[in-house]
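Biologist: Before we discuss this model, I should like each descriptive term to be justified by its criterion. Shall we proceed term by term?

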Amino acid sequence: MSVIMRRLVTATRTLSLTTPRSSIWRGSLSIPSLSRSNCHSRSFTSSVRLANALSQQIQLRDYQEECIQSVLAAINQGHKRLGVSLATGAGKTVIFTHLIDRIEPRSDNATQTLIIAHRRELVEQAARHCANTYPHKTVEVEMGNVKASGIADITVASLQSIISGDRLLKFDPSRFKLVLVDEAHHIVAPGYLRTLEHFGLRQKQVDSPHLVGVSATFSRADGLRLGAAIDEIVYHKDYVDMIGDKWLSDVIFTTVDSSVDLSNVKKGAGGDFDIAQLSSAVNSEVTNDIAVRTWYAKAGNRKSTLVFCVDLAHVADMTATFRRYGYDARFVTSDTPAKERADILDAFKRFEFPVLVNCGVFTEGTDIPNIDCILMARPTRSRNLLIQMIGRGMRLYPGKENCHIIDMVSSLATGIVTTPTLFGLDPDLLVEEASVEDMKEQGERRAEEEARKEIVYHSTERPNSAPQGEWAVTFTEYESVFDLIADSSGERHIRSISQYSWVMIGQDKYVISGPDGSYVKLEKVAPEEEEQGVPPWVAYEVRTLPVSTPSKSPYASPREILKAETFADAVHGADSFLASSAGQGKYPRNFIHRGMKWRDDPATDGQIKFINRTIRRGQEPVEPTDVTRGAASDMITKFKHGARGRFADLSAVKKRKKKQILLFEKDKRLRETVSVGSVAAMAL
């Protein structure tokens, strides 16, 4: 970043902190509150004018212009609520900034534009771009204590601020031609839907502003249907395409089997893992030690590594582990003061230290192009979060050949191909269960941040205090993103994606049952339907009827609950439906979750009798010690749904059990004599 642009960033940050009543960026950004010092005002204004002059010379890339033309064409065809899917690093902010002047006012009065983002960094970035691109327009910010007037040409707002109290009411929908939403995969969250309702965009309306949502990941981990807010995705450019076209850096991958047990980690908000339980499972001395040693063995010569952790405790422990081994690792969290965060980032960009550790800070709206290694020390079920983490390392940078992605916790199993989709579970089908977590006082959080720094940066522990011995770790390496996709694009078992006990009852057919016999079925549509444009995956629920209901069938007619473009999206959407139904008693968690302890108990007498009498008739009978209660339940579910002839014979069951015992003994011996360093793959 040039000195001039750094001054611009500093000035805009100062503005947002020192102008509590109104943040008005007019023309060349000569702000009244800054003009009290004429010298400072002239210096600031001239810097911004030069920045404006430079911005006018920006030449849009071919795909950026193509994207803008796609939006304009859709608007001309009468579409209102549009989505644009662009990879991280594609220049989303540049595109939607240049789009503003290309869209004609829908009336003489409807000339204003609103940009909404959910993070401070995204708001500041959008405001800077707009001020640079449109020197003769007023640009205002609505964020925190900074309040806009509601009548500026362009208003950039944080979602949390604009929906706070009555702040939304000052924005007259009839005066707006365009509403832009950054990171629009969040757009079906309640706060966004409330904002869309205010502007007449909750449903498609002729007299509403145009809506354009932009995201690198147009799908949701919880499977909610983005089509509730977006009618049409008019442009998509995947990061795989951009790597092939040399607009993004190439990527190489190493997956590591660190033997982290996630089977008992519950599902949390948004469909991903519960953070507290995930931290307990992942943040251990041994796992952190393996992560650092793996990084040294595979990427120790990388200049700029970004590490993603689970929570604040994991950040502190991981940073401390790097430093015990003699590496200058530093961390940034949501509690790090803004100036300190900026100083750490600047030092990282100048290659003053090699490892930057964070949790959730650098997933969106961060531009650190020198990153050449990503260490994913946190698991995720969310393909969106996975892509956002990987995307941090994909920007081009002089001398950077590629970015090395090291996956410590099998996150890559969720899949890395981004398929934009508007299908999924309708948000209105969910049973809302609001929970409010008390926020700690700011002073308390700062004190905790200072304590973390004291422990991490001033610890006297040296490398010899790290766990001793050598650990055997299994690596799988991919020389390019295309190799990884080829290896992961085949059918993956549904339980690598879901926490629930789905069973496969046929090719591309899965079912999960509740205690009363009601079930949810997930299957692929017929090829002829798919050729007609029907999304390839569909899920529906079939409920059992009360005994008193006069019906030949014990079941009600199937009720469709979602359509989805990808298998993972369909699973996540169905899982969200199951979770929302748990409170009604239809699919209780302790019945359908595959991590329940009862599933490891021996099969019940009733299960054994059913299996031997119906499923294994005429074959060697199964004993209670041969099969667990969970496996028996799955076998019975398969049988009841027509999956006959798909069961392994008894000898295979016994062989598998014997192998598990042998593996346990081998693992026990390995733990007594450990091996890592220059690691070879461990064959079991």
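Modeller: Two strands pair if DSSP finds at least two bridges between them. The model is a predicted one. Under that criterion, five strands form an open antiparallel sheet in the order 16-17-18-19-20.

Biologist: What makes strand 16 and strand 20 the edge strands?

Modeller: Strand 16 (503–506) and strand 20 (559–564) each pair on one side only. The average turn between neighbouring strands of this sheet, with direction ignored, is 25°.

Biologist: How do you know that strand 17 and strand 18 pair?

Modeller: The criterion is at least two bridges. Five bridges join strand 17 (residues 509–513) to strand 18 (residues 519–524), and the two run antiparallel; the criterion is therefore met. One of the bridge partnerships is that of Ile512 with Val520 in strand 18.

Biologist: Which helix packs on this sheet, touching strand 17, strand 18, strand 19 and strand 20?

Modeller: That is helix 17 (residues 567–582), whose direction makes about 145° with that of strand 20. Helix 20 (residues 629–640) lies across strand 16 and strand 17 and runs at about 25° to strand 16.

Biologist: Why is the aromatic pair of Tyr510 and Phe567 called tilted?

Modeller: A pair of aromatic rings is described by the distance of the centres and the angle of the planes. Centres must lie within 6.5 Å, and planes under 30 degrees apart would count as stacked, over 60 as edge-to-face. For Tyr510 and Phe567 the centres are 5.3 Å apart and the planes at 35°, so the pair is tilted. The pair links distant parts of the chain, with Tyr510 in strand 17 and Phe567 in helix 17, 57 residues apart.

Biologist: Why are Tyr510 and Phe567 each called buried?

Modeller: Buried means under 20% relative accessible area. Tyr510 has 1% and Phe567 has 14%, so both residues qualify.

Biologist: What makes the pair of Trp537 and Phe567 tilted?

Modeller: The ring centres of Trp537 and Phe567 are 4.9 Å apart and the planes stand at 45°, so this pair is tilted. Trp537 belongs to strand 19 and Phe567 to helix 17, 30 residues apart. Both Trp537 and Phe567 are buried.

Biologist: Let us turn to helix 3. Why does Tyr63 count as buried?

Modeller: The relative accessibility of Tyr63 is 4%, and the cut-off is under 20%; Tyr63 is therefore buried. Tyr63 lies in helix 3 (residues 62–76). Beyond its neighbours within four places in sequence, its contacts are Leu86, Gly89, Ala90, Tyr235, Lys237, Met242 and Trp247. A polar atom of the Tyr63 side chain lies 2.8 Å from the backbone oxygen of Ala90.

Biologist: How do you know that strand 9 and strand 14 pair?

Modeller: Six bridges join strand 9 to strand 14 (residues 402–407), running parallel, whereas at least two would suffice. Thr254 has Ile406 in strand 14 as its bridge partner. Strand 9 (residues 250–257) is mostly covered, with six of its eight residues buried.

Biologist: Why does the span of helix 10 agree with expectation?

Modeller: The expected span is 1.5 Å times one less than the number of residues. For the 15 residues of helix 10 (residues 285–299) this gives 21 Å, and the end C-alpha atoms are 21 Å apart, so the two values agree. The buried residues of helix 10 include Trp295, which forms one aromatic cluster with Tyr296, Phe322 and Tyr327.

How values were computed: Residues numbered from 1 in each chain as written. Predicted model: local features only at pLDDT ≥ 70, side-chain atom pairs only at ≥ 80, totals over all residues. Heavy atoms only, no water. Helix = DSSP H or I, 4+ residues; strand = E, 2+ residues; numbered from the N terminus. Axes fitted to C-alpha atoms, helices over the stretch in contact; angles between N-to-C directions. Contact = heavy atoms within 4.5 Å. Buried < 20%, exposed > 50% of the residue type's maximum accessible area, 1.4 Å probe, protein only. Polar contact = N/O pair within 3.5 Å; in protein donor to acceptor, adjacent residues only side chain to side chain. Phe/Tyr/Trp six-rings, centres within 6.5 Å; stacked < 30°, edge-to-face > 60°.
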